[in-house]
Amino acid sequence: PQVIASLAAHFGLDMSTTYLKLNTLFSERLGFQFVFDTSFSRDMALIEQEKEFTQRLQANDSLPLLASSCPGFVVYAEKRSHFVLPHISKVKSPQQIMGSLVKHFLVQQARAQGNEAPAPKEILHVTLMPCYDKKLEASRKEFYHAEEESRDVDLVLTSIELLDLFDRISLDFPTLAETPIKPYLNNWHANTSRLLSVTGGGSGGYLDYLYRKLAAKHNIEVSPEPLPLKKLRNTDFKEISLVIRDDQGQPKEIKFAMAYGLRNIDNITRQIKSGKCAYHYIEVMACPSGCLNGGGQIRSKPPQTVKEKLISVEEKYNNDQKLHEPESNTGVAEIYDLW
């Protein structure tokens, strides 16, 4: 969705139109059999990370829990701050969850229905991502299956590289026809025309989702409006608290934070190392302003400023998608039942 927002802002299109034009490009021009929407695997990532957060909160284990979907932050922790690793969520990113679905679940289900299906190594799985570090993530040894000689994700293209692709094949993207998304199995991959989104911004909405789920469990009403995050130090560091009742009925403050950009990450890791981090959950992203401003996103060109470019991408992302609850995604429920 972040890539689609970047393309939509660049060409002056809405996201649904951009989505269907990309389907035309990949399915009609480039010969791909299926085009899927990773907002579906994001729903799974949110559901799984909420389960993990609940378990850690109850056990008071390795808090704060840190979001794990940013490969830049994961590499930062591995190289510079090993003590942070136990705090990072064990949930895969939406990209890698989709890799598992494409290379394993879909093959399994096709065969279960009596259809022919290729081996995982015979499938070319390409993702469109806003970040060059997603290439590093796809190439990690954890996501290579030696017995199958297959990676979950074979190739990652960024928004900028899509523009290069358009030039290489002499494609006028805005004039492409719009091709409906082809359903697969029971249309498990979420939506065939309009993209589905969640509240909480363009980096996946992890903090927002966990906050609202915790509030609901404790019968605390939260406005559907954006959460009133309090800005600290700079625009890329924000916090919010929720007061719940513990098992003894005593009030307990649960603190959430959003830390984007390396200077804020450095601050958080120092707090964790010293044992002085007061937060229970932190949505961490290496890029300032998060994924919509990823290093692989389309750059601004004068007279448009970088800030103006980001605002235009944010407007597309926030206004051109349909909000929904991850639990309402019937395809996700089906996968939990089948797999």
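I began with what helix H1 packs against, and found that its buried residues (buried being under 20% relative accessible area with a 1.4 Å probe, protein chains only) are in contact, that is, have heavy atoms within 4.5 Å, with helix H2 (15-29), strand E2 (126-129), helix H7 (159-168) and helix H10 (306-319). The model is a predicted one, in which local features need pLDDT of at least 70 and side-chain atom pairs count only at pLDDT 80 or more, while totals for chains, interfaces and linings use all residues. Residues are numbered from 1 along each chain as its sequence is written, and side-chain values use heavy atoms, with hydrogens and water left out.

I then looked up the cover of H1, which spans residues 2-11, and noted that 8 of its 10 residues are buried, namely Gln2, Val3, Ile4, Ala5, Ser6, Leu7, Ala8 and Ala9. After H1 comes Gly12, and I noted its positive phi, near 70°.

For the whole protein chain I counted 11 helices and 11 strands, both taken as DSSP runs (helices H or I of at least four residues, strands E of at least two) numbered from the N terminus. I found a radius of gyration of 20 Å, close to the 20 Å from the globule rule for 339 residues, so the protein chain is as compact as a globular protein of that length; the radius is taken over C-alpha atoms, and the rule is 2.2 Å times the number of residues to the power 0.38.

I also noted that 54% of the 339 residues count as buried, and that, of the contacts with a separation of 6 or more, 72% join residues 24 or more positions apart.

How values were computed:
Buried < 20%, exposed > 50% of the residue type's maximum accessible area, 1.4 Å probe, protein only.
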